[in-house]
Amino acid sequence: MALTVNEVLTDLQRFDLKPVEVAGIFSYDLERVCLVHWPRSETLEHLDDPSIWLTPAAGPFAFDERALERFAGKRVVVEGDLYVAADPNFGFGHGSLWPAEIRVTDMRRVKEGEGS
């Protein structure tokens, strides 16, 4: 069963440099390519926007623009290796705002009953 974004964010060191499978809402626009916790009503006190930055892993997997646009705003499961920022003040993504990133090897839509 896939982890939630909040589960990963509350125990980052446990998952650092490890393969993960995480479910959430895929956010995709110019300055924001990330996985957002779902359901949105479950927030973490210390984070206004619980999310993890996504980047394609090296190798055969690459982000396909059309596929990403179709996934935008949808519930997905992302697989890949998780990396935690070494400096909490300088993270990943646009503006270095994300405390962790997943180097994605696979992304798929959530099936009924999965990632809940």
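Visitor: How many bridges join strand E2 to E3?

Guide: This is a predicted model. In it, five bridges join E2, residues 19–29, to E3, and the two strands run antiparallel. One pair shows how to read this: isoleucine 25 has valine 36 of E3 as its bridge partner.

Visitor: What joins E2 to E3 along the chain?

Guide: A hairpin of two residues makes that connection.

Visitor: In which sense do E3 and E4 pair?

Guide: E3 pairs with E4, residues 51–56, in the antiparallel sense, over three bridges. Follow valine 36 again: its bridge partner in E4 is serine 51. Valine 36 is thus a place to look at both pairings, with isoleucine 25 in one and serine 51 in the other.

Visitor: Why is E3 described as largely enclosed by the rest of the structure?

Guide: A residue counts as buried when its relative accessible area is under 20%. Five of the five residues of E3, residues 32–36, are buried, so the strand is largely enclosed by the rest of the structure.

Visitor: Which residues of E3 point one way, and which the other?

Guide: Arg32, Cys34 and Val36 point one way, while Val33 and Leu35 point the other way; all are buried.

Visitor: Where does this sit in the whole protein?

Guide: The protein has six strands and three helices. Read from the N terminus, its elements run β-α-α-β-β-β-α-β-β. Of its 116 residues, 44% are buried.

Visitor: What share of the exposed area do carbon and sulfur atoms supply?

Guide: They supply 50% of the area the protein exposes, which is about 6800 Å².

Notes: Residues numbered from 1 in each chain as written. Predicted model: local features only at pLDDT ≥ 70, side-chain atom pairs only at ≥ 80, totals over all residues. Heavy atoms only, no water. Buried < 20%, exposed > 50% of the residue type's maximum accessible area, 1.4 Å probe, protein only. Helix = DSSP H or I, 4+ residues; strand = E, 2+ residues; numbered from the N terminus. Pairing = 2+ DSSP bridges. Areas by Shrake-Rupley, 256 points an atom, 1.4 Å probe, with all protein chains shown as cover.
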